[in-house]
Amino acid sequence: MINIAYKIIFVILLTSPQLSARDMRALLFDGNCATCHFPTKADSAPSIQEIQTRYKDVFQNKKDFVEYMSEWVAKPNMQRSLMSQAIKKYELMPEMGYSLDTLKEISSYIYDTKF
Ligand code: HEC
């Protein structure tokens, strides 16, 4: 009985229009990046707000922001870093092996969100 109830709730969640593309992108960010990048507080890595501000200073439009960030995260490296001070302070971010498409979703979420 309880099992059936869970299944029904699960189906409702899956088909719910409330679980929008935006929520999916938020889940991707929370599950993969937020362990190191806190919203506003820097700890083992710069805060995501700090990164967003730096990237928005450099890129005036969303397309360039998303493209550069997703490619950088796909292959973190010193040469193309926009935050070389952060590398000195925390070390280079590890490479995590996500697909570029996933990273574009996450980068677009970072662009759109007020942290
Ligand atoms: C294990 C910890 C860790 C995780 C997980 C992590 N990062 Fe980072 N990230 C760092 C550290 C440390 C830095 C600062 C040093 C650097 O720039 O490489 C950084 C820097 C960055 C930068 C700045 C790049 C630059 O120009 O130097 C971006 C953008 C970024 N992270 C995005 C992400 C995204 C998106 C995710 C999730 C897909 C993520 N990070 C997950 C540790 C992490």
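Mentor: Let's start with the terms: helices (H or I, at least four residues) and strands (E, at least two) are DSSP runs, numbered from the N terminus. Read that way, the chain goes α-α-α-α-α-α from the N terminus on, with six helices and zero strands.

Trainee: And what kind of model is this, and how are its residues numbered?

Mentor: The model is predicted, so local features need pLDDT of at least 70 and side-chain atom pairs count only at pLDDT 80 or more, while totals for chains, interfaces and linings use all residues. Residues are numbered from 1 along each chain as its sequence is written, and side-chain values use heavy atoms, with hydrogens and water left out.

Trainee: OK, His37 then. Why is His37 called buried?

Mentor: Buried means under 20% relative accessible area, exposed means over 50%, and partly exposed is in between (1.4 Å probe, protein chains only). His37 has 12%, so buried is the label. Over the whole chain, buried residues make up 33% of the 115 residues.

Trainee: Where does His37 lie, and what is His37 in contact with?

Mentor: His37 is in the loop between helix 2 and helix 3. Contact means heavy atoms within 4.5 Å. Leaving aside neighbours within four places in sequence, His37 is in contact with Phe29, Ala45, Pro46, Ile48, Ile51 and Met93.

Trainee: What makes the pair of His37 and Pro46 a polar contact?

Mentor: A polar contact is a pair of N or O atoms within 3.5 Å; within protein, one must be able to donate a hydrogen and the other to accept it, and residues adjacent in sequence count only if both atoms are side-chain atoms. The His37 side chain reaches the backbone oxygen of Pro46 at 2.8 Å, so the distance is within the cut-off.

Trainee: Which residues have polar atoms close to the ligand's N or O atoms in that sense?

Mentor: A polar side-chain atom of His37 is 2.8 Å from a ligand nitrogen. A polar side-chain atom of Tyr55 is 2.7 Å from a ligand oxygen, and a backbone N or O atom of Leu82 is 2.8 Å from an oxygen of the ligand.

Trainee: How many residues are around the ligand, and which come nearest?

Mentor: A residue is near a molecule if one of its heavy atoms lies within 4 Å of it, and a strand is treated likewise. There are 27 around the ligand, and Cys33, Cys36, His37, Ser81 and Met93 come nearest. Helix 3 (48-58), helix 4 (62-74), helix 5 (84-90) and helix 6 (100-112) each supply at least two residues of that shell.

Trainee: Now Phe65 and Ser70. Why are they called buried?

Mentor: Phe65 has a relative accessible area of 0%, so buried fits. Ser70 also comes out at 0%, so buried fits there too. Both are found in helix 4.

Trainee: What do those two touch?

Mentor: Not counting residues up to four places away in sequence, Phe65 touches Gln52, Tyr55, Lys56, Phe59, Ser107, Ile110 and Tyr111. Phe65 and Tyr111 are 46 residues apart in sequence, with C-alpha atoms 7.5 Å apart. With neighbours within four places set aside, Ser70 is in contact with Leu100, Leu103, Lys104 and Ser107. The C-alpha atoms of Ser70 and Glu105, 35 residues apart along the chain, are separated by 8.6 Å.

Trainee: Thr35 and Glu91 next. Why are they called exposed?

Mentor: Thr35 has 60% relative accessibility, so it counts as exposed. Glu91 has 65%, so exposed is the label again. Thr35 is in the loop between helix 2 (21-32) and helix 3, and Glu91 is in the loop between helix 5 and helix 6.

Trainee: What is the phi of Glu91?

Mentor: Phi is near 85° for Glu91, a positive value in a residue other than glycine. Most residues other than glycine have a negative phi.
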